[in-house]
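Let's take a friendly walk through this structure together. Have the viewer open and follow along as we go from one aromatic pair to the next, and then to the ligand.

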Amino acid sequence: MANETDLMERIVALAKRRGFIFPSSEIYGGLNGFWDYGPLGVELKRNIKQAWWDDIVRRPPEGPDGGPIEMVGLDCSIIMNPTVWEASGHVTGFTDPMVDCKECKGRFRADQLFVVQFVSAGWEPQSSKDEMPPAITAAAVASTPEEAISLEEPSNTKLKAMGVGRAFHTRAWLIDEYRRTMADDKSLPEPPCPNCGAVGSLTEARQFNLMFESYAGAVQNEASKVYLRPETAQGIFANFKNVLDTQRLKLPFGIAQIGKAFRNEINPRNYTFRSREFEQMEIEFFCHPDDADRWYTWWRDARYAWYVRHGLTSDRLRLRDHEEDELAHYARACADVEYAFPFGVSELEGIANRTDFDLNAHQEHSGRDMTYFDEEAWQRDAGQYKAENYGGDKKAAKQAANEAKQGMPYRFIPYVIEPSGGVDRAALAFLCEAYDEDEAPDEKGEAQSRTVLRLHPRLAPIKVAVFPLVKKDGMPEKAQALYRACREQMTAFYDEKGAVGRRYRRQDEAGTPFCVTVDGQTNEDGTVTVRDRDSMEQVRVPSEGLVAWLQERLGRA
Ligand code: GAP
């Protein structure tokens, strides 16, 4: 745990040092749960979104039958008619249980608030009058009892105060469980606040809605209340008919959207992992109810493979199918793509079979028809409704046809498979997986430790850095010309300051796959040195064909 905590600290430090991620409005002390992406971070995020958009919308993968699948994109407004959130269930159900501290005004999620007890194990009485030292009761905000215990290891001072300095048995309860246990075990003290330590100041848990509220227009009252969207998905459902009618789509097809989402998380934590403002990449894939299981499995596996393809190749990535009792009431199946971050295993993306729940809900609340009519199935069967099959009664045949058209197998509300991922969580997982420390020789050939981000070339913020070896003999001019040529095709960086070894190391930390150096030999034969970030191997490449050489290797990865 200590090592992993340390690793996370090093990743956070690198992200700050190299301009990937900064605390939002840092000059004013920041704002909990909000982050800014610096010059390298914004490129990383854009590359993730672009890769997703290209692979999902512009060049979608082949479906389970090997045929193309239909995908279109959408960009909805963040603030929508608030009835959207009534229909989706967010107004009443998008809540987390919350506990407040009356003393310090701290606010904690009851399902992440543990009360921890440390009980002396190695204690032995020195005299017959010695009493067992009291247990230390602390509280920690954590995801698991083990994490709570490790966060609240009693300090040496506390141990000394208790007159013990050895092993402790420990136990952690969720606060609700602890309070229930208190009712039976009167020796247990009131839980302390994890922030200020005040005893007896924590309130009972109550439900807290995570949606940010605002007002549309000049008057601020209930009628003008609006919400910042907590997910991009509902904009897709609300536009289902618009997209269907304007794009002449046939089932199955998907609508994809990337955009900001906002959740007033009670405890934003683990760096950017749980933020209050974040970006989602969501797909709502509409299909015939009979095909939903097949599409669910296909999307689940395709989404997992996408993360592997972009570099999450270690055993830190997993796919976890939800147990029956974990499923939301409307979901028929759900799986999480999880990553073992240094702070614990957590969800990157969820893939769910949401049945016809959402479209049904919007049909009910909006009064608009959300059904799909399967024209092909109807054309196939329409012959059954000829007058001759109704004893020549044209009216009866027409009536039977109209009735048949209203329901299965011709008219129905499609089922939805939803792969829903977070851009910020993906960026964090790619950063964690890419982070590595090894050794590289310095100018004198001596091994020095180096930090390197082994980012997938498609995601790397800068694809190539171009350096003159020294600032003379026409090298800067040649390097500048090469830099300009590279910049036409890819993100490139020019650097002529300091020792070349240090310039390499800066680019290693930025995750730049290739560094190009113009040196003395360039003047003789026109070749440049290209250094590979991962292997640190150097090859000579004719400067004439450099851009194509780089493009080939970047594209091949
Ligand atoms: N439409 C379904 C939906 O929104 P979700 O599991 O609540 O499902 C989907 O969110 C994804 O959005 C998560 O897998 C995660 O990647 C991202 N996400 C959710 N809450 C987040 C937060 N507070 N901070 C960063 N990313 C978050």
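Start at W378, which is buried, with a relative accessible area of 8%. Keep in mind as you look that this is a predicted model. Y410 also counts as buried, at 4% relative accessibility. The ring centres of W378 and Y410 lie 5.1 Å apart with their planes at 85 degrees, so the pair is edge-to-face. This pair links distant parts of the chain, 32 residues apart: W378 belongs to helix α12 (residues 375-381), while Y410 is in the loop between α13 (394-405) and β18 (411-412).

Aromatic pairs come up elsewhere too, and a search of the whole structure finds 25 of them. In W295 and W298, the ring centres are 5.4 Å apart and the planes stand at 85 degrees, so this pair is edge-to-face. Both residues sit in helix α10 (residues 292-309), three residues apart, and are therefore separated by about one helical turn. W295 is buried at 5% relative accessible area, and W298 is buried at 14%. You can also look for one aromatic cluster formed by F237, F240, F253 and F286.

Now turn to the ligand. Which residues come nearest? Of the 19 around the ligand, they are E231, R263, E265, E282 and E347. A polar side-chain atom of E231 is 2.7 Å from a ligand nitrogen atom, and one of E347 is 2.5 Å from a ligand oxygen atom. The backbone takes part as well: a polar backbone atom of G422 lies 2.9 Å from an oxygen atom of the ligand. Taken alone, the ligand exposes 550 Å², and the protein buries 88% of that.

Note on methods:
Residues numbered from 1 in each chain as written. Predicted model: local features only at pLDDT ≥ 70, side-chain atom pairs only at ≥ 80, totals over all residues. Heavy atoms only, no water. Near = heavy atom within 4 Å. Polar contact = N/O pair within 3.5 Å; in protein donor to acceptor, adjacent residues only side chain to side chain. Areas by Shrake-Rupley, 256 points an atom, 1.4 Å probe, with all protein chains shown as cover. Phe/Tyr/Trp six-rings, centres within 6.5 Å; stacked < 30°, edge-to-face > 60°. Helix = DSSP H or I, 4+ residues; strand = E, 2+ residues; numbered from the N terminus. Buried < 20%, exposed > 50% of the residue type's maximum accessible area, 1.4 Å probe, protein only.
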